[in-house]
Amino acid sequence: MVRQLVAFILSEGPLSEGLLGERQYALPLAAVRRVERMVEVTPLPSAPEVVLGVIDVRGSIVPVMSMRKRFGMTEPETSPSDQLIVADAGGRSVALVVNSVAGVVERTAEEITAAERIVDGTQYVEGISRLEGGILLIHDLDRFLSQKEEKQLDGLMAQAARTE
């Protein structure tokens with residue numbers, strides 16, 4: 001069975017500083033709704049650390065998540081050249097800040113190694129695959145937020161919806 005994945009790039013610093021610390025990640029294509037240009041993010045007070053704020057995506061308020069913070073990477077200032085991947089995560093739409101989207105890649109089950117077979121404690125990574133230029137980490141959006149973070153975000157999003 002062939003899996004289609006949306007590959008994207010995260011770097012720990014602005015691309016003008018060089019590509020050191022650049023990593024490739026992917027999401028299942030079926031979870032991705034659209035890719036948008038970076039827009040101004042409105043901070044959401046008291047949100048979990050991985051939530052940068054919220055944006056309006058075609059009339060819906062969507063939380064913006066930081067994959068860098070979740071993976072313990074440095075969070076640089078956003079840039080107008082950054083992109084937002086709007087995707088389904090655990091029953092909600094989220095926007096993920098990325099440097100760029102590399103495109104759709106296909107991998108067979110044999111080309112993907114379960115993350116826990118390589119390193120314990122990789123609860124946010126579903127699998128790992130080799131690329132010509134390095135390693136591709138396949139992210140599991142359904143496990144992006146902890147139950148505590150989910151509950152906290154649900155309350156804040158409900159509160160934000162009431163104040164609209």
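Helices and strands in this tour are DSSP runs, numbered from the N terminus. The model is predicted.

**Stop 1: strand S1 and its two partners**

Select residues 2-10, which form strand S1, and then residues 23-28, which form strand S2. The two strands pair in the antiparallel sense over 6 bridges. Two residue pairs show where to look. Ala 7 stands opposite Ala 26 in S2, and Phe 8 has Tyr 25 in S2 as its bridge partner.

Now add residues 100-108, strand S8. S1 and S8 are joined by 8 bridges and run antiparallel. To find one of the paired positions, select Val 2 and its bridge partner in S8, Thr 108.

**Stop 2: from S2 to S11**

Keep S2 on screen and select residues 134-139, strand S11. These two strands run parallel, with 3 bridges between them. Ala 26, already seen opposite Ala 7, also stands opposite Ile 138 in S11.

**Stop 3: the nonpolar cores**

Select Phe 8, Leu 27 and Met 65. These are the residues with the most contacts inside the largest nonpolar core, which has 26 residues. Two or more residues of this core come from each of S1, S2, strand S4 (51-57), strand S6 (83-89), strand S7 (92-98) and helix H2 (147-162). A second core, separate from this one, has 10 residues, among them Met 38, Leu 84, Val 86 and Ala 95.

Return to Leu 27 and display what surrounds this residue. Leaving out residues up to four places away in sequence, Leu 27 touches Gln 4, Leu 5, Val 6, Phe 8, Val 32, Ile 85, Ala 87, Leu 96, His 139 and Leu 141.

**Stop 4: the cavity**

How many cavities of 30 Å³ or more does the structure hold? There is 1. The largest cavity has a volume of about 40 Å³. To outline this cavity, select its lining: Met 65, Ala 89, Gly 90, Arg 92, Val 94, Leu 141, Asp 142, Phe 144, Leu 145 and Glu 150. The lining divides into 6 nonpolar residues, 1 polar and 3 charged. Met 65, met at the previous stop as a residue of the largest core, is part of this lining. Leu 141 lines the cavity as well, and is also one of the residues that Leu 27 touches.

**Stop 5: two loop residues with positive phi**

Select Ser 46, in the loop between strand S3 (32-37) and S4. Its phi is near 70°, a positive value in a residue other than glycine. Ser 46 counts as exposed because its relative accessible area is 59%, and the cut-off for exposed is over 50%.

Next, go to Arg 58, in the loop between S4 and strand S5 (60-65). Arg 58 is not a glycine either, and has a positive phi of about 50°. Is Arg 58 buried or exposed? With a relative accessibility of 66%, Arg 58 is exposed.

**Stop 6: Arg 130**

End at Arg 130, in strand S10 (residues 125-131). The relative accessible area of Arg 130 is 70%, so this residue is exposed. Which residues does Arg 130 touch, not counting those up to four places away in sequence? They are Arg 107, Glu 111 and Ile 135. For a last distance, pick the C-alpha atoms of Arg 130 and Ile 112: they are separated by 8.0 Å, and the two residues are 18 residues apart along the chain.

Technical notes:
Residues are numbered from 1 along each chain as its sequence is written. This is a predicted model: local features need pLDDT of at least 70, side-chain atom pairs count only at pLDDT 80 or more; totals for chains, interfaces and linings use all residues. Side-chain values use heavy atoms; hydrogens and water are left out. On a 1 Å grid over the protein atoms alone, a cavity is a set of points where a 1.4 Å probe fits but cannot get out, and a pocket is an open set with protein on both sides within 12 Å along at least five of seven lines; lining residues have an atom within 4 Å of a point. Grid points are joined across faces, edges and corners, and a volume is the space filled by probe spheres set on the points. Ala, Val, Leu, Ile, Met, Phe, Trp, Tyr, Cys and Pro count as nonpolar, Asp, Glu, Lys and Arg as charged, and the others, Gly among them, as polar. Two strands pair if DSSP finds at least two bridges between them. Helices (H or I, at least four residues) and strands (E, at least two) are DSSP runs, numbered from the N terminus. A nonpolar core is a set of buried Ala, Val, Leu, Ile, Met, Phe, Trp, Tyr and Cys residues joined through side-chain atoms within 4.5 Å. Buried means under 20% relative accessible area, exposed over 50%, partly exposed in between (1.4 Å probe, protein chains only). Contact means heavy atoms within 4.5 Å.
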